[in-house]
Amino acid sequence: MLQNWLILLPELTLLSFLPVAWLVNLYRESKTAKTFFTLSKYFLGAALIFTIVFYNKSVWSAWWLNSRYSTLFKVAVYTVALVWFYFASKWFLSKNRSSAKFYCICMGMLLSFGILLSAQNFLVPALLVPVLCLLTRGLIPLHCDEEKAEAITSVYIRESFIFWLLLWGGISILWWQTGSLEYADIRYIFALEGEVNWIAYSGAVMIVSSLLFMMAAAPFHLWFVNALSLAILPVCGFLTLIPPFVYLSCLITLMTGVFAPLSQSLQTLLFCFAVFSLFVGAVSANRQNNIRRLFGFSTTYNLGFMLLGILAFHSHSVVSAFVYTIIYVLAMIGIYAVFLGLKSKGDYVSELEDLSGLSEAKPYLSAAFLVFMISLIGIPPLLGFWGRLSLINTLVSEERWSDVLMLMIALILMANAYLQIIRKIYFEPLQHSFDRTDKPIYVCLFINLVLILISILNPSYLLHDAEIVLRGLTQ
Amino acid sequence: MNSSFALLSLIVALPFLGMLFVLTARDDGVVKGRNAFNVCIFTIIANIILIWRIFMILNEKSRELQLLEKFNWLSTPNIDIVLGVDTFSLLLILAVHLAVLIGLSGVRNNLYKQKSLMVFTLLFLSMVTGFFVAADIFSFYLFFEAMLIPLFMIIGMFGEVKKQDLIYRFFLYNFIGALILFSATMLIYHHQGSITLEEVSRLPLKGGIGFYVWGAVCLSFLSRIPIWPFHYWISSINSGIRNPLAFVITALMPLTAIYGFIRFLPPHFSSSIGNYLIWINIIGVITMVFIALIGFINKDSQYKIFSYITVYYIMYLLGIFTNDEVIVFNIGYSLFGFIIVISTLEVLSGYIIHKEEEVETSSRGFLCRARKLSFIYSFMTLAAIGLPVSAIFVNNFLILSKLLSANIKMGMLLVFALVIAGMTLLQELFRLKDDDKSCRLGKSDDISIFQFVFMIFVMFILLMSFVKPLWFVINE
């Protein structure tokens with residue numbers, strides 16, 4: 001009995017943060033934004049350690065199963081969240097706003113993500129996806145213009161309600177067709193039947209579609225872009241950095257596990273979403289004046305890039321997609337950290353015009369921004385090149401020449417959008433004065449830059465163990 | 001020959017480390033970029049000494065890549081990075097370093113974004129050195145694309161602001177060129193794995209794949225040479241740059257394409273796209289004549305130098321297409337002198353333009369009063385047009401004779417373009433020497449004694465390269 005509780009420690013730690021934070025918020029008088037960051041740091045750090053310790057132990061293995069694979073993604077998610085919580089605390093301190101709600105919602109989401117990553121039964125996502133949507137709905141309007149927030153969140157809730165229905169509908173269909181909701185059972189039954197009927201297929205399509213909505217793949221991306229343009233920086237960063245790992249993992253689990261017998265048909269569906277995301281993201285990014293929207297579309301583009309590469313769901317493509325996601329997240333952490341360092345008269349910069357001549361006022365931040373954007377384009381010798389190389393190598397080995405061509409066209413379009421930012425920063429005269437940037441932001445940026453610059457010398461060391469885990473999953 | 005010490009990695013890494021030092025250098029109203037400038041100079045001189053050392057241990061008679069350094073870079077996909085040099089590539093590395101050093105002498109008193117200029121110059125130098133020592137397909141591509149960013153930043157910051165749309169096009173065209181090379185690299189990798197450049201030349205790629213690979217390689221390199229249809233944006237960018245160092249760096253871009261053709265040009269290359277090579281030859285010659293004539297009638301001295309550079313680069317390109325190994329070495333020796341000459345001419349031209357703008361007068365007849373400047377400028381112009389004072393003379397003579405023997409009609413057109421390009425430079429020299437009373441530039445506006453001594457040193461290098469191309473090599 002005690003052993004079971006010990007195995008549940010990662011989840012219990014995250015869960016216990018909520019009452020502790022509530023009590024602190026209620027009774028502690030001298031609380032600042034840092035108080036909740038410190039709390040979340042300890043709880044999340046403990047959860048991370050427990051996750052690693054109990055990486056292969058599970059209590060209710062029919063519902064959720066801890067494995068090396070799920071642990072890999074959990075470690076990635078918790079680590080990135082920990083880093084981002086630190087950056088977020090800078091925002092709350094600078095604005096002197098309460099951070100309790102932010103950290104509570106984020107920890108709630110991390111708990112849900114953790115369980116979702118280990119899910120082995122469709123009831124788990126059926127319950128958790130609505131919870132995640134509601135938490136996201138609570139996160140978006142935090143400390144921002146209430147009127148605009150109301151408009152965006154109400155649209156988001158309406159859309160997400162449709163996708164809950166789709167998810168539940170898909171799960172019901174699977175239960176009706178197979179008589180079970182367990183991943184292993186469903187896969188076994190599908191494999192046994194040989195040919196899957198169209199009803200079961202439509203159930204799978206409904207589930208995958210709802211997942212793509214959560215991932216913000218085009219054409220379901222608008223909620224994400226609108227949320228980024230409205231939400232405060234800590235929320236934008238959290239929504240951009242954390243979910244890609246979770247939903248990528250869910251997609252891999254579903255496609256290599258449950259829906260493996262249906263993979264051929266589902267690949268066509270994913271291919272359409274991937275191409276659409278790729279081009280919608282790249283083309284729309286070129287038309288944005290708001291930098292957060294621009295990076296929102298950039299996320300959609302990168303999602304399309306990753307989806308196109310992973311389509312075959314064999315060991316190479318899974319490893320490539322993971323590598324691509326890690327590198328993308330590293331660069332995006334840097335970009336959001338730069339945003340946190342850019343304030344003009346107390347307000348955080350959000351329009352492209354505001355960046356004019358930034359290199360004159362903030363040469364180091366500009367240089368960091370330049371490096372991260374070049375990494376995102378995938379130009380050598382930065383780490384981003386490795387991501388691009390891995391994915392395109394996968395496509396070439398599968399002889400998908402037309403896909404390579406599409407990727408390159410989209411890459412050129414996206415590069416053009418990044419060039420607009422570089423032009424503003426470096427080639428245009430200074431138009432605004434910028435406030436002083438905190439030293440810790442420089443330190444964090446330096447660490448991130450070192451990772452991006454030095455890792456390219458021997459990238460394998462970064463992800464050697466991750467590769468072994470991911471290869472094991474698909475073999 | 002394998003090196004016991006990673007000298008090649010070191011000459012790539014040293015400018016990069018120098019760049020990191022420059023980044024940390026103090027840059028304010030008091031220092032005015034002087035620290036950054038000094039670090040840059042020191043780094044380049046240190047690298048030149050290292051390059052000299054490599055020359056000592058190199059077998060200059062061998063045509064194979066030497067001092068090979070190999071390490072496994074990636075396991076997925078499995079890629080080995082191999083570095084290696086031969087006399088040809090090392091000579092170009094030395095020429096590029098000297099060109100940048102000469103360019104730096106022209107921006108010694110620059111106050112506008114001096115630190116940024118030094119940072120991107122050193123980054124460019126690191127990448128371009130890596131490009132010349134790359135001995136496998138991946139490192140070759142990697143450095144080919146990597147040098148784009150410092151180039152883009154230098155042109156963006158020191159080119160004319162009005163031409164920013166042109167910078168976009170510059171980057172995107174070159175980026176597309178690099179992506180085309182990337183696709184060819186991936187195709188080669190898919191067929192043969194991570195292979196060296198020497199193995200590429202022996203690849204039996206036939207049919208559609210051969211056509212695509214060699215076509216892509218050809219197109220990607222052509223995108224960096226001011227040959228039609230790529231001539232417009234390159235010429236606009238070059239003529240818009242007023243910073244001598246930035247101009248020198250931009251003028252080195254076609255050199256990377258020339259070198260790429262030499263490294264990639266195997267017999268299979270010709271057989272796969274042989275029918276198209278004649279078209280490239282024709283377009284090349286027409287572009288040469290066209291640009292030479294425009295340069296002759298254009299009054300902008302920067303454009304005149306650009307047209308001269310373009311004509312010569314295309315001549316070297318056509319020389320490569322003759323597929324003669326001896327000619328390739330002649331091209332190497334000639335390029336060494338050519339790069340030094342154009343860098344010096346540009347620095348001097350930049351100096352004259354700067355003086356013109358400072359005193360707000362015409363520079364016509366300036367050389368009559370500035371004796372030191374006159375001496376150097378005249379020498380460089382004469383070296384540029386092919387008089388026997390540098391390695392350009394003998395080697396261009398051999399290249400031309402080969403081209404004339406290959407195709408007399410095209411060869412005649414080529415000679416015509418070269419004559420016009422030479423006349424263009426002479427025309428500018430005569431203008432500067434035509435004593436005009438209205439010129440308000442005087443003896444006090446002459447170059448400093450420091451610059452003069454440095455230029456004399458450059459002249460010495462050129463003269464010695466005429467006597468013996470590898471005069472500085474003392475074999476152990």
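**Helix packing and chain contacts in a predicted two-chain model**

Helix 18 and helix 19 of chain A lie roughly antiparallel to each other, as found in a model that is predicted rather than determined by experiment. The angle between helix 18 of chain A and helix 19 of chain A, which spans residues 401-427, is about 155°, and an angle over 145° counts as roughly antiparallel. The axes of these two helices are 8 Å apart, and their crossing is left-handed. On the helix 18 side of chain A, the contact involves A:Ile392, A:Leu395 and A:Val396; facing them from helix 19 of chain A are A:Asp403, A:Val404 and A:Leu407. Sorted by class, the residues of this contact comprise 5 nonpolar and 1 charged, with no polar residues.

One of these residues, A:Val396, deserves a separate look. A:Val396 belongs to helix 18 of chain A, a helix that runs over residues 384-397. Is A:Val396 buried or partly exposed? Its C-beta neighbours inside 10 Å number 19, so A:Val396 counts as partly exposed; a buried residue would have 20 or more. Leaving aside residues up to four places away in sequence, A:Val396 touches A:Val404 in its own chain, and it also reaches across to B:Met186 and B:His190 in chain B. By contrast with these contacts, the C-alpha atoms of A:Val396 and A:Arg187 are separated by 30 Å, and the two residues are 209 residues apart along the chain.

The contacts with B:Met186 and B:His190 lead on to the interface between the chains. Here, 23 residues of chain B are in contact with 23 residues of chain A. On the side of chain B that touches chain A, at least two residues each come from helix 5 (137-146), helix 6 (148-158) and helix 7 (164-192) of chain B. Helix 7 of chain B supplies the largest share of that side, with 10 residues. By class, the residues of chain B that touch chain A are 16 nonpolar, 6 polar and 1 charged.

Turning to each chain as a whole, chain A holds 21 helices and 2 strands. Its radius of gyration is 22 Å, close to the 23 Å that the globule rule gives for 475 residues, so chain A is as compact as a globular protein of that length. Along the principal axes, the C-alpha atoms of chain A fill a box of roughly 65 × 60 × 45 Å. Of the 475 residues in chain A, 53% are buried. Among contacts in chain A between residues at least 6 apart in sequence, 79% join residues at least 24 apart.

For chain B, the count is 20 helices and 2 strands. The radius of gyration of chain B, 22 Å, agrees with the value near 23 Å expected for a compact globule of 476 residues. The box filled by the C-alpha atoms of chain B is roughly 70 × 55 × 50 Å along the principal axes. Buried residues account for 54% of the 476 residues of chain B, and 81% of the contacts in chain B with a separation of 6 or more join residues 24 or more positions apart.

Within chain B, B:Gly411 sits in helix 19, which covers residues 408-433. With 18 other C-beta atoms within 10 Å, B:Gly411 is partly exposed. Beyond residues up to four places away in sequence, B:Gly411 touches B:Leu403 and B:Leu404. From B:Gly411 to B:Tyr189, the C-alpha to C-alpha distance is 38 Å, with their positions 222 residues apart in sequence.

Conventions. Residues numbered from 1 in each chain as written. Chains lettered and ligands numbered in written order. Predicted model: local features only at pLDDT ≥ 70, side-chain atom pairs only at ≥ 80, totals over all residues. Helix = DSSP H or I, 4+ residues; strand = E, 2+ residues; numbered from the N terminus. Buried ≥ 20, exposed ≤ 12 C-beta atoms within 10 Å, placed from the backbone. Contact = placed C-beta atoms within 7 Å. Axes fitted to C-alpha atoms, helices over the stretch in contact; angles between N-to-C directions. Parallel < 35°, antiparallel > 145°, perpendicular 65-115°, else oblique. Left-handed = near helix turned anticlockwise from the far one by under 90°. Nonpolar A, V, L, I, M, F, W, Y, C, P; charged D, E, K, R; others polar. Rg over C-alpha atoms; globule rule 2.2 N^0.38 Å.
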